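Dear colleague,

Please find below the sequence and structure that I am passing on to you. I would be grateful if you could read the notes underneath with the structure open beside them.

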Amino acid sequence: AFLQDLIAEFGAATSFDTWLVPMPENYRTGIMPEVDNHPRRFFQSDGDLGQRMWNCFAELFRRGYKKAAIIGSDLPTLRQKDVEEAFFALEHSGCVLGPTEDGGYYLIALKAPIPQLFNEVKWSTDQVLTQTLGKAEAAGITVQELSIKYDLDTIAELQRLKREPSLKESCRNTNSVLTGILK
């Protein structure tokens, strides 16, 4: 449901291209026609999260993009304007991060390859944002942070999402699932 809502939101984008980059081991043909039939798709590489994100950026830059942003699929309320804001911020920064309340980030945008941002980070911990900021500072990269948001890792966060007033309009698939499983 999260992915369906994100595809619906970003599939309508006109100011940037949307690419889907699923993990091969989690992808099964026929499960989601939105993914099967998406015109811009490639698979994630092997490695830890940092290696996979770096390889995604490398592939997008190889394809000729001058800037790129990566988001996860665990924030179905993310909007086109959030990515547009990140791209605008790249005009004055080398890196843009969308921090999460739990110490990670929901978005990372770059206008040039910066592989050191993805090395030796303790992924899926509350240290991800701090470590990434430290790596950027050590490399002399300016970073702009977007507004802080929460991603969805726990039942409590799903319950919080269900209470969001805009959920019914902006995330119909997610709202439908949450209505069926959360009281």
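The notes below go from the whole chain to one helix.

Please bear in mind that this is a predicted model. The protein contains 8 helices and 4 strands. Read from the N terminus, its elements follow the order α-α-α-β-α-β-β-α-β-α-α-α.

As to overall shape, the C-alpha atoms fill a box of roughly 50 × 35 × 30 Å along the principal axes. A compact globule of 183 residues would have a radius of gyration near 16 Å, and the protein has 16 Å, so the two agree. Among contacts with a separation of 6 or more, 54% join residues 24 or more positions apart.

Turning to the surface and the interior, 41% of the 183 residues count as buried. The protein exposes about 10000 Å², and carbon and sulfur atoms supply 51% of that area. There are 20 positive and 25 negative charges, and the mean positions of the two sets lie 4 Å apart.

Helix α4 (residues 80-89) deserves a separate look. Which of its residues are buried? They are Gln80, Asp82, Val83, Ala86, Phe87 and Ala89. An α-helix has 3.6 residues a turn, so residues three or four places apart point the same way. The buried residues of α4 pack against one helix, α1 (2-11), and against the strands β1 (68-71), β2 (95-99), β3 (105-110) and β4 (143-145).

Yours sincerely,
A colleague

Terms used:
Residues numbered from 1 in each chain as written. Predicted model: local features only at pLDDT ≥ 70, side-chain atom pairs only at ≥ 80, totals over all residues. Heavy atoms only, no water. Buried < 20%, exposed > 50% of the residue type's maximum accessible area, 1.4 Å probe, protein only. Helix = DSSP H or I, 4+ residues; strand = E, 2+ residues; numbered from the N terminus. Contact = heavy atoms within 4.5 Å. Rg over C-alpha atoms; globule rule 2.2 N^0.38 Å. Areas by Shrake-Rupley, 256 points an atom, 1.4 Å probe, with all protein chains shown as cover. Lys, Arg positive; Asp, Glu negative; His and termini not counted. Charge placed at Lys NZ, Arg CZ, Asp CG, Glu CD.
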